[in-house]
Amino acid sequence: MNLCVKQVWGVQRTSSAPNREGLLQHLWLFALPKNAMRRWEASWVTRFVLKVACHDARRLPIARQALCCDAYRWKMFLGSVSHIVVDEIHERGVDTDFLLILLRDLIQRRSDLKVVLMSATMDSELFARYFGGAPVISIRGRTYPVQNFYLEDIIPMVGYVLEDGSPYARWEAKGKERRRNTRKQALAIDPEQIEEARETECQEQALAGQLHASQKTLETLSRMNLDVINYELIESIVLYIDGVLKVDGAVLIFLPGMAEMVRCVEQLKSNPRLSNSCLMYNLHSSLGSSEQHGVFQRPPKGKRKVVIGTNIMETSITIDDAVFVIDSGMARENRYDARKSLSQLVTVNVSKANCRQRQGRAGRVREGFCFCLFTSAHFETLDDHQLCEMHRVPLEGLILQIYSLDLGDEVEYLQKALSPPEEHAVRSSVRALTTLGALTFDKRLTSLGHHLANLPLDVRIGKMIIHGAILHCVDPVLTIAACLAVRSPFLSAMDYQTEVEAVRRAFAGEYMSDHLVSWFAYASWIAMQHKEGASAAKKLCARYYLSLPTLKQIQSTKRQYERYLYEAGFIEETPAQSSYDRFLYGPVLTLDDRVYESGGERFNANAGSVKCILSCVVAGLYPNIARVKTGASKKGGTFVNMTTFDGVEVLIHPSSVAGKAKTFASPLLVYVDKVKTSATFLRDVSMVTPLHVILFSGGGLEYLPKYSELVVDDMTAFKCGNEDATLLKHLKDQLDSALSQKINDPTQSWESTSSVVVRAILRLLKDDFESVRHMTVVDHRQPRPSLTAPLAPPEAVED
């Protein structure tokens, strides 16, 4: 390897601070001279300070994949970089696969550039072929051997007995059905169900032939429902570890999600022996760091640590005293259906690579043990690697990068990916970007698109914060955007879910809005901190079930967003200071004890207007709008029917402050995402008015006088009088013109781009005049009478 190192760029796919020591260790393994190592200083590069770090020849930037794409644009061909190291390559994120296309093209122009791809479980041959037969270097790991036990081994080992009527038995439900089948019902039995049962039995027999197990074990396996997580068996395994093996060390239990983790803890704590001898911790990304503190501490003498978590424990963290792993073989993934614009949170089987990652967590400090809650035959049927992210998430951000870098046709370019996405998914993302205003109809990047391409967040949230600056309500909109990018500031532990729900509803007050609740909660914390200090703010967090680490992360994200808006010219004021760990402007204190910590006084002139804030939310999230219908049901209650503008019937997620609402002052809701689990739910919703949708939707307005309808898009229209429609159409045209001028040239003074129009619209939103308030929503897709009368009456039919 070439040891003449000018600059090494380490790239990690991670949501937290990168493992600097791990990267430096790998560089040492690649034979960098010892004296050279002392001259390097690792630094974590965020998207907002990349330009500075790239020019410092003595620093070792450790960046995320998206940052390399930015440097590709800023510093064509990365002329100052001699080596690029990409870690955790096996995870196959969207940014990872996109980066690989760029790097493969790049090394064809830069023969001196060295690219190092690293992972403990990567498919080396796949990546080597992709880079034209690149050499593979295998470095022997330092972990201890791990014994693997599969289900056919575990059942006799722990003496597990599947009781009659157990919820983990395969035939429990079908047995009840058979008992209900009387002679009268016999003729109604579906022959397809009988055939399906026969096929299942044949599959079980084939499976039994593949396993080396006793007849008793095979009988237990044939009766077990292998599609559900067996918490009784997990309890038996932990008892066996603690009472029979008696080997010191922590137990890691891998489960798909939070609900399964809570259920597992309940099962383990119900056993008196385990409750006394074990310290149990949940480890989930939604929990505060204080709840997870014990995970990384050694337990007291005589106690065993049991950590129940998700696939976050595979690579993102290290629990250095782990000796035992219990692997459910399942994980929860977000799958995106481009045809339905629907995210589905599904439980899937993990890949063989995931299983090996989990197994490896047990061999860090001594010989380890891995208990797999699936058979060895099932393991052989698993995919070698998990489905890459490019096939299961929206691609708007990726498409935007392709246009921003001027890489050509998006479908053709993505065919160069390691695993190209389906064409319909790419086309769907292009349509979404066109609706958002980032692309023109002939697929050219707009000025808004150029700005959104520079933002390290979802394109919709990016448009939201740009509108926050233009409409002078920077601080609340940045807070809402940061909450969506990070997570809700509220704690999510199941133990006090009822209390959190009550606090959220109290914060909501008269507003049916999850977005405003997050802002109100954050604003209460920051106001208390400014007024009475950090100690009082910490007590407020405990009182209102707020996560202090999450609030600080939201605050840090806000600082980054504020800096972007300033550097792009959307905030014109001269900063009071320039430190990266502080806001650019001094805090603005209001008479009602609000504190606006970002944007300064001028660009928070409308920050007290809830309707102005919601305008920015609608501008960013449109067309994510749902229509609400309420009425009296036949049983005497009230029914609520909700339909998104693309015709999908939905429910509001129970965690929302609007989740139990039966009455709605406005028939419209804006939402961040619709997710299918047990039903199709809307997440993070806010009730908005017809004016919000009319004025801040993507395209122009059209009025159809014959039907008295103001048409917003192909799906939506509002019943409206001619006079009101003329006024609204004029205001919308003027607003779009003013916004376009400002986005095209952010340095242009807002006063010179028709700020009078914005003030008129804000006044209109505030007054909410009567004729607009009672507008009814029309489904523009429903068939209607022809707009034109026949040119001539039909001829009379002669006898």
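## Terms and overall composition

Helices (H or I, at least four residues) and strands (E, at least two) are DSSP runs, numbered from the N terminus. On this basis the protein comes to 33 helices and 24 strands. The model is a predicted one, in which local features need pLDDT of at least 70 and side-chain atom pairs count only at pLDDT 80 or more, while totals for chains, interfaces and linings use all residues. Residues are numbered from 1 along each chain as its sequence is written, and side-chain values use heavy atoms, with hydrogens and water left out.

A residue is called buried under 20% relative accessible area, exposed over 50%, and partly exposed in between (1.4 Å probe, protein chains only). Of the 799 residues in the protein, 51% are buried. A contact means heavy atoms within 4.5 Å. Among contacts with a separation of 6 or more, 70% join residues 24 or more positions apart.

## An exposed loop residue: aspartate 248

Aspartate 248 belongs to the loop between helix H12 (231–245) and strand S7 (250–254). Is this residue buried or exposed? Its relative accessible area is 66%, so aspartate 248 is exposed.

Apart from residues up to four places away in sequence, aspartate 248 touches Arg304, Val323, Phe324 and Arg366. The C-alpha atoms of aspartate 248 and lysine 305 are separated by 9.6 Å, although the two residues are 57 residues apart along the chain.

## Helix H23 and its two ends

Helix H23 covers residues 459–470. The expected span of a helix is 1.5 Å times one less than its number of residues. For the 12 residues of H23 this gives 16 Å, and the end C-alpha atoms are 17 Å apart, which agrees. Because 12 of the 12 residues of H23 are buried, the helix is largely enclosed by the rest of the structure. The buried residues include Arg460, Lys463 and His467, together with Val459, Ile461 and Met464.

At the N-terminal end, aspartate 458 acts as a cap of H23, with a side-chain oxygen 2.8 Å from the backbone nitrogen of arginine 460. Just after H23 comes histidine 472, which is placed in the loop between H23 and helix H24 (474–485). Histidine 472 is buried, with a relative accessible area of 10%.

## Backbone exceptions

Most residues other than glycine have a negative phi, and most peptide bonds are trans. Histidine 472 has a positive phi, near 60 degrees. Aspartate 406 likewise has a positive phi, of about 55 degrees, and is not a glycine. Aspartate 406 sits in the loop between helix H19 (396–404) and helix H20 (410–414). Its relative accessibility is 68%, so aspartate 406 counts as exposed.

The peptide bond from tyrosine 622 to proline 623 is cis, with omega near 15 degrees. Proline 623 is found in the loop between helix H29 (610–621) and strand S16 (625–632).

## Buried positions: serine 513 and leucine 102

Serine 513 lies in the loop between helix H25 (497–508) and helix H26 (514–532). With a relative accessible area of 1%, serine 513 is buried. A polar atom of its side chain lies 3.3 Å from the backbone nitrogen of histidine 515. Beyond its neighbours within four places in sequence, serine 513 is in contact with Leu614, Val657, Val685 and Ser686.

Leucine 102 is part of helix H5 (residues 94–109). Leucine 102 counts as buried, at 2% relative accessibility. Its C-alpha is 9.6 Å from that of alanine 417, while the two residues are 315 residues apart in sequence.

## Enclosed space

A cavity is a set of points, on a 1 Å grid over the protein atoms alone, where a 1.4 Å probe fits but cannot get out; lining residues have an atom within 4 Å of a point. The structure holds 4 cavities of 30 Å³ or more. The second largest contains about 40 Å³ of space.

Which residues line the second largest cavity? They are His90, Arg92, Ser351, Ala353, Asn354, His385 and Gln386. This lining divides into 1 nonpolar, 5 polar and 1 charged residue. In this division Ala, Val, Leu, Ile, Met, Phe, Trp, Tyr, Cys and Pro count as nonpolar, Asp, Glu, Lys and Arg as charged, and the others, Gly among them, as polar.

Technical notes
Polar contact = N/O pair within 3.5 Å; in protein donor to acceptor, adjacent residues only side chain to side chain. 1 Å grid on protein atoms, 1.4 Å probe; cavity = no way out; pocket = protein on both sides within 12 Å on 5 of 7 lines; lining within 4 Å. Points joined across faces, edges and corners; volume = space filled by probe spheres on them.
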